[in-house]
Structure formats: C-alpha cells, structure tokens
Amino acid sequence: MNNAIPYKIYLTEEQMPKAWYNLRADMKNKPAPLINPGTGQPVTFEDLKPVFCDELIKQELDETTPFIPIPDDIRSFYKMYRPSPLVRAYCLEEKLKTPAKIYYKFEGNNTSGSHKLNSAIAQAFYAKHQGLKGVTTETGAGQWGTALSMACGYLGLDCQVYMVKVSYEQKPFRREVMRTYGAKVTPSPSDTTDVGRKILAEFPGTTGSLGCAISEAVEAAVTQEGYRYVLGSVLNQVLLHQSVIGLETKAAMDLYGIKPDVIIGCAGGGSNLGGLIAPFMGEKLRGEADYQIIAVEPAACPSLTRGVYAYDFCDTGHVCPMAKMYTLGSGFIPAPNHAGGLRYHGMSTTLSQLYHDGLMEARAVDQISVFEAAEEFARVEGILPAPESSHAIRVALDEAIRCRETGEEKTILFGLTGTGYFDLVAYEKFHNGEMSDYIPTDEELQASFATLPKIG
C-alpha cells in the first residue's frame, strides 16, 4: 500500500467552513422559480411566510450571494461532529485490485447517523431565533426525521414528524430514536389532517410516499400558531446548508493536492449530492476545472433517468408551490418493497437544471445490486452503510472495476451519507433472499405524467 496519504484526513476546527456556498450564484442558467399555484406567478417572500421561517425564505430565494455566513451558534454545534473525515479506501482498492484511488466523505459519525443533521440544526436554529414554538416535517427512511428531532431536542423546540407509513412499519428503531429526542411521529398518510384523510379515501391501504407526508406536514404547520414547516432535501436552502460537506471535502483534498476525476453521490431529492458537489461544480461552472459528476438513484424511483423536466407539485396533496424539476409526477408512489430512502418523486430544481444543461449525468441502479455493494463495502471497510449511501457505493465499485479493466488510474470520490444500523430489516430481507426489484413500467410512468399540471 502507498501510505503517503493518510487513511483519514481531518481538517482542524479552525479550517471548518465559516460560510455556506450558494452554487446558484455561479449558475448562468438559474433554476426556474417556484410557482404559486393560486396565482400562476413566481412565489414571493410573502407567499412563503406562512410556511417557512423568515431567514430560510431569504436563503431559498437568494440566487446571487455566493457565500452566506454560518452563524456562530450553528458552527459551534457543527463542532460536536464536524469536521467529518475524508477516507482513503485503501482496503477497498486492494480488494478490487484496481489502479483507481477511492475516497469517501463519511457523514455518519453523529447520533442521527447521516448528513441530514447539517441542515436540521440550521433550520431549527432559525425557527428558535424567530421565537417559534415548533416545526413540522416529513421523513422517508427516517434519517431526516431523526436529525431534526435531535436538533429540536437540543434547542427545546417541539418537533412533529410525518413518517412514510411503509418506513414507519419497517423501521421501528429509527422511529424510537425520534421519540427519544422528543418528537411526535405519525405514520403518513394519517387521519390527523384533511389532506391525509383525502389521500386515504382515494388510495385505501396505501403505503404512503414523501409527497403524501409533505402535504400533511405543511397542513399541520399552517394550522398551528407558532409553527413552521421544514424540509430535509430538495429545497435550495437545504443544498446551501449541505455545502459544508463539499467545502470540507475540497479543503481536505487540496491539503494533499488531490483532484477527483469522478464524483458520485446518491440522489433522492438532492441534499447530499448537491452538498458534496457544490464547490467542485462551482469550479466547473466558472471554467476553472472539470469533473465527471454522477447522480445515482434507485431504479424504483428514477426521477432523473426516466422522469420529465416540467413544472409539478412538490407534494401529493397539492398544497405546496410548483417546481420545475425532473419528476415522476406528484402522485407517484414507489413500490413498498423499495427498502431505502430516495423515495421523492422529483429532484432539486438546482440539480435538475444542472442535469438538463449536461453538467452532470445520472444512473439508476436496482436495489439487490445496491445491497450486494453495501455488503462488500461493509466487509472490507468496516462500516455498515445506509441503503441510500449504498447507491453511490454501487457505482463507485463499478467505476473502480472499470479502471481495473482499462488500466486507467482515476481518482474516485463518493459520498457515504450515513450508517445503516437502523436499516437492518432491509439487510435481513436481502440476506434471506426476500428482497425483490420492482421497476415501474413505461405505462405506469406515462399515467403519472398525464397528471402533471399544464404550465410552462
């Protein structure tokens, strides 16, 4: 082994980012604006004020300020688990017998078990600073709900989580962590909201979707005084907060003169991928460097690879603004046998624009091959990865094997978004041979596309 570069590269606390990077400031083609479904016009600060915290609305709508300072209180909280390590996967390289150099940014070294805490503490901080009583949210696999409940518990805010019903049932331990931190967790769709009751009436026995849970969480926020809604992915503000991942990664690589050729991230709504690639994509947009950037999504919910680029509702109940994004349709519900997160029907407007402009590519992978990659990684690198992260691992392994076959000495970077210790039911199904792959048919997707709003 060549040990010139450490197994783990850590920045010091002083080297941690002092500002988030707003990738949109460097985009020539800006993401299309959110649309108010009532007026048909781009949303304004006043439109969003009943739903989001004031400071977060400013961040959501700001597409010109390149760097936004991280408040000292948030930065102090980050120091509990950041900087996170950039790991050189020497053991994996040796196992694969590849000339490729493999690095991964590990975001699972906190109690919530994932990168989601980077935005959760920021959003909870702004809610607390505004004097609110609490926040509402949705969660799919449970990582975001866990992170937000942790942040709210720390700051003394009430936290109400609507958890996609199939995940609520499959992941009881994730649910109990949320409750440990004081959150109220409700399986979605539920009979506690008007929109939940409507969805249950239209789709009896449904296993739910993120779109359903978002609708319920938004309704809960706007019908309770002193509450606002917060979201764990998709929105520009979330990608902004998650840029701390990419900023740390690039700073660590720069210390040793490392330049990645390929950057890989799992993609559901876009928070992890957008955060990881932010400073690298900024260089690409400014013409300072070039990178191959790959978004990896589940074949069960393939918004980038099989979706359409159009305006769509952000939620199933149509209570949220419309966004121009790669979408499968707001009514799309992934098959219940899909064991990971990455269940959202659309993709971040920022990432959708970058993908549409040909600045990144996308691949869809089936979940059995994803868990095969997860198991191989766990046996070699000693970390049990989250199913979401394992989508990126799958393609990283594929790229490293390709290098072995071609002799190319590429440098591969991927995001290890979190750990899979609360996902053992899925691992059990995989090991018992009970896991299956369901890929939506063209006919199913066309039926969903037919429900898209007629706009733009």
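**Entry 1: β7 and its sheet**

I began with strand β7, residues 158–164, and looked up its pairing with β8 in this predicted model; the two strands pair in the parallel sense, over five bridges. For one position in that pairing I noted the partner of Met163, which is Pro187 in β8.

I then followed the pairing outward and found an open sheet of four strands, ordered β8-β7-β6-β9, with parallel pairing. The edges are held by β8 (184–188) and β9 (227–229), each of which pairs on one side only. From one strand to the next, I noted a twist that averages 20 degrees.

**Entry 2: a helix across the sheet**

Next I asked which strands helix α10 lies across. I found that α10, residues 210–222, lies across β6 (134–139), β7, β8 and β9, and that its direction is at about 170 degrees to β6.

**Entry 3: α6 against α8**

I turned to the packing of helix α6 (residues 143–155) with helix α8 (residues 172–180), where the axes are 8 Å apart and the angle is about 15 degrees. Since angles under 35 degrees count as roughly parallel, I recorded α6 and α8 as therefore roughly parallel to each other. Their crossing is left-handed.

For the residues that make this contact, I listed Gln143, Gly145, Thr146 and Ser149 from α6, and Arg174, Val177 and Met178 from α8. Sorted by class, the contact of α6 with α8 has four polar, two nonpolar and one charged residues.

**Entry 4: β10 and β11**

Further along the chain I looked at strand β10, residues 262–266, which is joined to β11 by five bridges, the two strands running parallel. Within this pair, I noted that Cys266 stands opposite Val296 in β11. I also checked how far β11 (residues 292–298) is covered, and found that six of its seven residues are buried, so that I entered the strand as mostly covered.

**Entry 5: α14 and its surroundings**

My last item was helix α14, residues 349–356, for which I asked how many residues are buried. The count is six of eight, and the helix is mostly covered. The buried residues of α14 are Thr349, Thr350, Leu351, Ser352, Gln353 and Leu354.

What do these buried residues of α14 pack against? I found two helices and two strands there, namely α11 (236–255) and α12 (271–285), together with β12 (308–313) and β13 (322–327).

How values were computed. Residues numbered from 1 in each chain as written. Predicted model: local features only at pLDDT ≥ 70, side-chain atom pairs only at ≥ 80, totals over all residues. Heavy atoms only, no water. Pairing = 2+ DSSP bridges. Axes fitted to C-alpha atoms, helices over the stretch in contact; angles between N-to-C directions. Contact = heavy atoms within 4.5 Å. Parallel < 35°, antiparallel > 145°, perpendicular 65-115°, else oblique. Left-handed = near helix turned anticlockwise from the far one by under 90°. Nonpolar A, V, L, I, M, F, W, Y, C, P; charged D, E, K, R; others polar. Buried < 20%, exposed > 50% of the residue type's maximum accessible area, 1.4 Å probe, protein only.
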